[in-house]
Amino acid sequence: MRKLHFSLGTKFLGLFLLVVMSISSGVGWYFFDRSRHSMAEQLEQKAHTIAWTLAFNCRYAVLTADRHVLEDLTEETLMNEDVVHVKIADGRGNVLIERWKEDYTQAGEDLDPASGSILEVEAPVDPASSSGAVRVDPDVEAVFGIGAAAGDQARGVVRIGLSRAGMEQGLRAALRSSLLLFAVATALGIVVMLLFLHYIVTPIHRLSERLARVAAGDLSSRLPENRTDEIGRLSRSFNAMAEGLQSSRAAMREAQEALLHSTRLASVGEVAGQAAHEILNP
């Protein structure tokens with residue numbers, strides 16, 4: 001199997017992208033999760049506020065079973081942007097009024113509270129004050145024949161349903177913002193890493209090229225010495241090595257030429273000696 005080879009720049013870029021993407025995704029998910037919890041808390045608080053307000057306003061209408069007043073209060077509550085369902089029942093569980101906002105149906109599958117598409121909360125119309133429930137005037141209770149023995153019983157229940165569509169829309173916007181932040185951070189990381197690689201890897205490539213030239217016999221190659229960091233020291237060391245090799249080659253060439261000259265002189269002397277011997281001894 002062929003082994004893959006990656007350059008130093010590719011390894012640095014891959015590692016940097018991995019770190020940037022991990023940090024960006026973690027930060028984005030953190031802010032998205034915070035936004036989701038915050039929106040859910042705000043929606044729940046809004047639902048309870050509307051439910052308690054309606055329970056307070058309809059306490060006498062529930063006591064008298066005045067459907068006209070309950071109808072007006074229900075329609076007014078449904079005018080709220082997020083409210084899609086209002087249900088008011090008396091203390092015996094009898095439904096006095098129940099309304100759904102236009103384009104919503106109680107039987108709709110998407111509006112099932114268990115599916116999470118709507119948030120349902122209840123507020124009791126109760127004379128007890130310890131639980132924070134809505135109080136009914138004892139004098140009014142007496143007028144309508146409600147005795148003290150029934151004082152602890154709830155006079156009615158208000159149920160409010162709020163759609164989570166607005167919250168989901170806000171979450172989608174938060175998710176888009178998180179993805180945009182992730183993309184911008186990744187793009188900036190790539191740009192910064194490419195500049196860093198150009199600053200670091202380019203001199204290394206230049207040094208590798210000069211070394212190849214020296215290995216091929218070109219000792220005249222030099223590197224710029226305008227940097228004061230490790231790359232600059234490496235360049236100066238390379239230049240010193242190249243100059244030393246060039247000087248050694250020049251000295252070796254001079255020694256070779258001197259040796260060749262001496263060899264030639266020795267050969268001439270030997271020929272001259274043989275000629276003299278032949279002349280003196282014909």
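This report describes the overall fold, one helix, one pocket and several individual residues of a predicted model.

## Overall architecture

The protein contains six helices and four strands. Read from the N terminus, its elements follow the order α-α-α-β-β-β-α-β-α-α. Of the 282 residues in the protein, 28% are buried.

## Helix 3 and its two faces

Helix 3 comprises twelve residues, 67–78. The distance from its first C-alpha to its last is 16 Å, close to the 16 Å expected at 1.5 Å a residue. The buried residues in helix 3 are Leu70, Leu73, Thr74, Thr77 and Leu78. These residues cover an arc of only 135° around the axis, and therefore they lie on the same side of helix 3.

The face turned away from this buried side carries His68, Asp72 and Glu76, which are exposed. His68 also takes part in the capping of the helix: a side-chain oxygen of Asp66 lies 3.2 Å from the backbone nitrogen of His68. Through this contact, Asp66 caps the N-terminal end of helix 3.

## The loop before helix 3

Ala65 is placed in the loop between helix 2, residues 59–64, and helix 3. Its backbone is notable for the phi angle, which is near 55°. This is a positive value in a residue other than glycine.

Is Ala65 buried, exposed or partly exposed? Its relative accessible area is 42%, and Ala65 is partly exposed because this value falls between the cut-offs of 20% and 50%.

## The second largest pocket

The second largest pocket has a volume of about 150 Å³. Its lining is formed by Pro203, Ile204, Arg206, Leu207, Leu223, Pro224, Asn226, Arg227, Ile231, Gly232, Leu234 and Ser235. By class, seven of the lining residues are nonpolar, three are polar and two are charged.

Which helices supply at least two residues each to this lining? They are helix 5, spanning 165–215, and helix 6, spanning 230–280.

## Residues at and around the pocket

Ser235, one of the lining residues of the second largest pocket, lies in helix 6. Its relative accessibility is 9%, so Ser235 counts as buried. Leu207 also belongs to the pocket lining. Ser235 and Leu207 are 28 residues apart along the chain, and their C-alpha atoms are separated by 7.5 Å.

Ile200 lies in helix 5. With a relative accessible area of 23%, Ile200 is partly exposed, whereas Ser235 is buried. Ile200 is paired here with Ile231, a residue of the pocket lining. The C-alpha atoms of Ile200 and Ile231 are 8.0 Å apart in space, while the two residues are 31 residues apart in sequence.

## Lys46 and Asp82

Where does Lys46 lie? Lys46 is in helix 1, which covers residues 8–57. Its relative accessible area is 29%, and Lys46 is accordingly partly exposed.

Lys46 and Asp82 are 36 residues apart in sequence. In space, the C-alpha atoms of Lys46 and Asp82 are 9.4 Å apart.

How values were computed:
Residues numbered from 1 in each chain as written. Predicted model: local features only at pLDDT ≥ 70, side-chain atom pairs only at ≥ 80, totals over all residues. Heavy atoms only, no water. Expected span 1.5 Å × (residues − 1). Buried < 20%, exposed > 50% of the residue type's maximum accessible area, 1.4 Å probe, protein only. Arc of directions from axis to C-beta. Polar contact = N/O pair within 3.5 Å; in protein donor to acceptor, adjacent residues only side chain to side chain. 1 Å grid on protein atoms, 1.4 Å probe; cavity = no way out; pocket = protein on both sides within 12 Å on 5 of 7 lines; lining within 4 Å. Points joined across faces, edges and corners; volume = space filled by probe spheres on them. Nonpolar A, V, L, I, M, F, W, Y, C, P; charged D, E, K, R; others polar.
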